[in-house]
Amino acid sequence: MAGRQKALIGAALALLLSPVAHALEVARLDVALNGDRYVVEFVAQLEATPEAVHAVLTDYAEYPTLDPRIQESRVLGRDRENSVRLYTRMRGCLGSLMCRTMQRVEEVQEMPDELLATAILDQSDVRFGVTRSQWQAKNNGTEVTYRLEI
């Protein structure tokens, strides 16, 4: 489980690392196994404006530059005004034991200070997946709260 936790933590943190985040301070990080689902939660403080964080997190085509495990990311369509169907293909490894490529299609609901992504199961390699990213101005920067359940 330790290798899998490290991979999940790395993926979660990589989503916050970007050209606009000059400094990242993780205030809280929790990884747990809840039944058959992994849950990663963290709160981080970024030296970036909320507008800059929003711009990076909604620039879906650039996700591969945020995390080298993301091999491809593209918008498949917009179902509603604030809803995007997003395709991502990731390659992750558990040490040298095993590597896996995972494809996921999600409905991403875009709000001014939040993204809520829900996996579309019949189009994805996951049995469940919900990710919530929230951000707000705090301490001359932006506090980001991230929760992944997969």
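The following dialogue examines how several descriptions of this predicted model are justified.

Student: Why is asparagine 139 called exposed?

Tutor: Its relative accessibility is 64%, and the cut-off for exposed is over 50%. Asparagine 139 therefore counts as exposed.

Student: What makes the phi of asparagine 139 noteworthy?

Tutor: Phi is near 50° there, a positive value in a residue other than glycine. Asparagine 139 sits in the loop between β7 (130-138) and β8 (141-149). In the hairpin formed by β7 and β8, two residues stand between the strands.

Student: What is found at asparagine 140, with regard to phi and to accessible area?

Tutor: Asparagine 140 has a positive phi of about 60°, although it is not a glycine. It also lies in the loop between β7 and β8. Its relative accessible area is 85%; exposed requires over 50%, so asparagine 140 is exposed.

Student: How do you know that β7 and β8 pair?

Tutor: Pairing requires at least two bridges between the strands. Nine bridges join β7 to β8, and the two strands run antiparallel; by that criterion they are therefore paired. One example is arginine 132, whose bridge partner in β8 is arginine 147.

Student: How do you know that β2 and β8 pair?

Tutor: Eight bridges join β2 to β8, and the requirement is at least two, so these strands also count as paired. They run antiparallel. Among the residues involved, valine 40 has leucine 148 as its bridge partner in β8.

Student: Why is β8 described as largely enclosed by the rest of the structure?

Tutor: Seven of its nine residues are buried, so β8 is largely enclosed. The cut-off for buried is under 20% relative accessible area.

Student: What makes the contact between glutamate 41 and arginine 147 a salt bridge?

Tutor: The N to O distance between these side chains is 2.8 Å, and the limit is 4 Å. The pair therefore qualifies as a salt bridge. Glutamate 41 lies in strand β2 (residues 37-46) and arginine 147 in strand β8, so the pair ties together parts that are 106 residues apart in sequence.

Student: Why are glutamate 41 and arginine 147 called partly exposed?

Tutor: Partly exposed is the range between under 20% and over 50%. Glutamate 41 has 25% relative accessibility, so it counts as partly exposed. Arginine 147, with a relative accessible area of 33%, is therefore partly exposed as well. Both residues belong to a network of salt bridges that links Arg37, Glu41, Arg147 and Glu149.

Student: How do you know that arginine 89 and glutamate 72 form a salt bridge?

Tutor: Their side chains meet at 3.0 Å, N to O, which is within 4 Å. Arginine 89 is in strand β4 (residues 83-94) and glutamate 72 in strand β3 (residues 70-80), so this pair ties together parts that are 17 residues apart in sequence. Arginine 89 is partly exposed, at 24%, and glutamate 72 is partly exposed, at 25%.

Student: What makes arginine 132 and glutamate 114 a salt bridge?

Tutor: The distance is 2.1 Å, N to O, against a limit of 4 Å. The pair links distant parts of the chain, with arginine 132 in strand β7 and glutamate 114 in strand β6 (residues 114-119), 18 residues apart. In all, the structure holds 13 salt bridges.

Student: Is glutamate 114 buried or exposed?

Tutor: Its relative accessible area is 11%, and buried means under 20%; glutamate 114 is therefore buried. Arginine 132, at 33%, is partly exposed.

Student: Which residues of the largest nonpolar core touch the most other members?

Tutor: Of its 21 residues, these are Val53, Tyr60, Tyr63, Leu86, Val108, Leu115 and Trp135. The largest share of this core, four residues, comes from α2. Apart from it lies another core, of five residues, among them Val40, Ala44, Tyr146 and Leu148. In soluble globular proteins, nonpolar side chains tend to be buried together.

Student: How do you know that proline 50 is in contact with Trp135?

Tutor: Contact requires heavy atoms within 4.5 Å, and Trp135 is among the contacts of proline 50, as are Gln136, Ala137, Gly141 and Thr142. Proline 50 is found in helix α2 (residues 50-57). Its C-alpha atom is separated by 5.6 Å from that of threonine 142, 92 residues apart along the chain.

Methods: Residues numbered from 1 in each chain as written. Predicted model: local features only at pLDDT ≥ 70, side-chain atom pairs only at ≥ 80, totals over all residues. Heavy atoms only, no water. Buried < 20%, exposed > 50% of the residue type's maximum accessible area, 1.4 Å probe, protein only. Core = buried A, V, L, I, M, F, W, Y, C linked by side-chain atoms within 4.5 Å. Lists of a residue's contacts leave out its neighbours within four places in sequence.
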